[in-house]
Amino acid sequence: MKVLVINCGSSSLKYQLIDMANEKTLASGLVERIGIEGSNLAQKVEGTQKYIVETPIKDHNEAIKLVLDALINGDNGIIKSVNEIDAVGHRIVHGGEKYTKSVIITDEVVRDIEEYSKFAPLHNPAHIMGIKACQALMNVPMVAVFDTAFHQTMPEKAFLYGLPYELYKKNGIRKYGAHGTSHKYVSQKVAEVMGKDIKDLKIITCHLGNGSSITAVKNGESVDTSMGFTPLEGLIMGTRSGSLDPAVVTYMIDELGYTSAEVNNILNKKSGVLGISEISSDFRDIIDARDNGNERAKLTLEMFAYRVKQYIASYTVAMEGVDVIVFTAGVGENSMVLREDLCANLEYMGVELDKERNRVFGEIAKISKDSSKVQLYVIPTNEELMIAKDTMQLIK
């Protein structure tokens with residue numbers, strides 16, 4: 001079975017074609033600047049750049065058509081016909097409380113995704129465009145895989161806010177979490193690598209990149225996670241502030257004269273490590289600046305590490321212990337320097353980082369000492385494969 005995985009943004013579209021017989025990615029690509037001048041498609045086959053198209057792409061319908069054309073392109077494609085694609089898996093950011101697992105897409109599912117756009121206004125509308133574009137061009141089963149689904153096992157004590165209860169019951173205001181597909185994949189993968197039953201493990205998964213979140217996975221289920229009602233809550237991120245006193249928002253509006261839209265823009269796009277360092281939203285740039293003596297960069301990284309360790313410590317309480325901590329995503333997989341910062345001073349928990357083993361980039365590796373009571377692993381995330389697996393299971 002060949003599964004096409006689609007991840008639509010408002011002006012972009014990422015895709016992978018995966019052969020589920022051997023779980024091999026046949027082709028992957030990115031369509032950028034949809035509806036904007038300078039739009040293009042770039043496709044890799046077996047990790048090597050093979051095909052680039054620069055052409056006006058007015059909407060997601062044209063983007064999907066371009067993707068299918070690229071996959072069957074005579075010189076650079078990977079399949080002979082679109083009929084070789086057996087199913088399509090769509091990444092959906094928000095599925096509310098209704099969707100606790102992946103589902104085959106129906107008209108009702110599309111309506112629900114549209115309804116939950118109020119919780120993810122930048123993402124869900126784009127997902128709907130991607131679904132409808134695929135439906136117009138392909139006659140195969142399609143599956144919705146929700147980022148929020150994995151976290152629907154959280155207990156009320158973890159997902160409720162200290163607000164009037166009716167705001168939850170009537171308006172759905174609660175913690176939903178995000179990055180669920182990634183947290184699910186790496187928690188299952190680390191159990192497999194360790195040769196353990198995931199139901200016997202207490203795992204803390206650290207998805208660290210431009211967007212960052214941490215999840216407590218007990219017996220294979222999410223019991224708490226750092227992102228909340230939206231992906232703004234939790235850790236300091238590339239451009240997102242993370243958690244802060246909500247009175248800061250009202251102060252900025254009432255006393256400083258910002259509009260709610262301006263505050264939202266500041267918290268989501270001008271804060272985080274970019275706002276603190278005033279250097280970059282890329283951790284690599286900030287690490288370089290710190291190494292060159294920049295004090296603001298040093299402070300930024302200290303703040304990030306401090307908050308990561310706060311969540312790690314609190315989740316040991318949530319699970320009454322921890323067996324393994326996993327680092328994944330762009331920063332977690334590739335920054336040995338930052339992983340060392342994050343593990344420093346956790347010896348009291350039984351964490352012992354092996355600095356030599358930690359010299360890994362983007363590959364599965366145990367990075368703790370053999371004597372460490374809490375094991376440490378780098379597990380590269382593969383959300384696309386997780387989506388493809390869910391799609392295949394539902395279709396079969």
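**Note on the predicted model**

1. Val93, His94, Ala120, Thr148, Gly177, Ala178, Phe229, Thr230 and Pro231 line the largest cavity. The structure here is a predicted model, and every point below should be read with that in mind. The space in the largest cavity comes to about 40 Å³. The count of cavities of 30 Å³ or more is 1. By class, its lining holds 5 nonpolar residues, 4 polar residues and no charged residues.

2. Next comes a pocket. The second largest pocket holds about 410 Å³ of space. Its lining is made up of 18 residues, and those nearest its centre are Thr100, Lys101, Ser102, Lys184 and Asp390. Sorted by class, the lining of this pocket has 7 polar, 6 nonpolar and 5 charged residues.

3. Which elements supply the lining of the second largest pocket? At least two residues each come from β8, α6 (180-194) and α14 (383-395). The most is given by α14, with 5 residues. Two of these elements, β8 and α6, come up again in the points on the sheets.

4. One open sheet consists of 8 strands in the order β5-β4-β3-β2-β1-β6-β8-β7, with mixed pairing. At its edges stand β5 (48-54) and β7 (103-104), each of which pairs on one side only. Within this sheet, β6 (residues 87-92) and β8 (residues 142-146) are joined by 5 bridges and run parallel. In that pair, Gly89 is opposite Val143 of β8.

5. Two helices pack on this sheet. Helix α2 (residues 107-115) touches β6, β7 and β8, and its direction makes about 30 degrees with that of β8. Helix α3 (residues 124-137) touches β1 (2-8), β6 and β8, and its direction makes about 170 degrees with that of β6.

6. Strand β8 also has a partner in β7: the two pair in the antiparallel sense, over 2 bridges. Here Val103 stands opposite Ala144 of β8. The sense of pairing is thus one to check by eye on each side of β8, parallel with β6 and antiparallel with β7.

7. Is β8 enclosed or open to the outside? Strand β8 is largely enclosed by the rest of the structure, because 5 of its 5 residues are buried. The side chains of a regular strand alternate between the two faces of the sheet. In β8, Met142, Ala144 and Phe146 point one way, while Val143 and Val145 point the other way, and all are buried.

8. A second open sheet has 6 strands, in the order β11-β10-β9-β12-β14-β13, and its pairing is mixed. The edge strands, each pairing on one side only, are β11 (221-225) and β13 (365-366). Strand β10 (residues 213-218) runs antiparallel to β11, and 4 bridges join them. Across this pair, Ala216 stands opposite Asp224 of β11.

9. Helix α6 packs on this second sheet, where it touches β9 (202-207), β10, β12 (324-328) and β14 (375-378). The direction of α6 makes about 130 degrees with that of β9. As stated in point 3, α6 also supplies at least two residues of the lining of the second largest pocket.

10. Asp112 deserves a look, as a residue of helix α2. Is Asp112 buried or exposed? Its relative accessible area is 14%, and because buried means under 20%, Asp112 counts as buried. Apart from neighbours within four places in sequence, Asp112 is in contact with Lys98 and Tyr99.

11. Two backbone angles should be checked. Arg33 is not a glycine, yet has a positive phi of about 60 degrees. Arg33 lies in the loop between β3 (24-32) and β4 (40-45). With a relative accessibility of 39%, Arg33 is partly exposed.

12. The other angle belongs to Glu278, a residue other than glycine whose phi is positive, near 55 degrees. Glu278 lies in the loop between α9 (272-277) and α10 (283-291). Its relative accessible area is 61%, so Glu278 counts as exposed. In short, of the residues discussed singly here, Asp112 is buried, Arg33 is partly exposed and Glu278 is exposed.

Technical notes:
Residues are numbered from 1 along each chain as its sequence is written. This is a predicted model: local features need pLDDT of at least 70, side-chain atom pairs count only at pLDDT 80 or more; totals for chains, interfaces and linings use all residues. Side-chain values use heavy atoms; hydrogens and water are left out. Two strands pair if DSSP finds at least two bridges between them. Contact means heavy atoms within 4.5 Å. Axes are lines fitted to C-alpha atoms, for helices over the stretch in contact, and angles run from 0 to 180 degrees between N-to-C directions. On a 1 Å grid over the protein atoms alone, a cavity is a set of points where a 1.4 Å probe fits but cannot get out, and a pocket is an open set with protein on both sides within 12 Å along at least five of seven lines; lining residues have an atom within 4 Å of a point. Grid points are joined across faces, edges and corners, and a volume is the space filled by probe spheres set on the points. Ala, Val, Leu, Ile, Met, Phe, Trp, Tyr, Cys and Pro count as nonpolar, Asp, Glu, Lys and Arg as charged, and the others, Gly among them, as polar. Buried means under 20% relative accessible area, exposed over 50%, partly exposed in between (1.4 Å probe, protein chains only).
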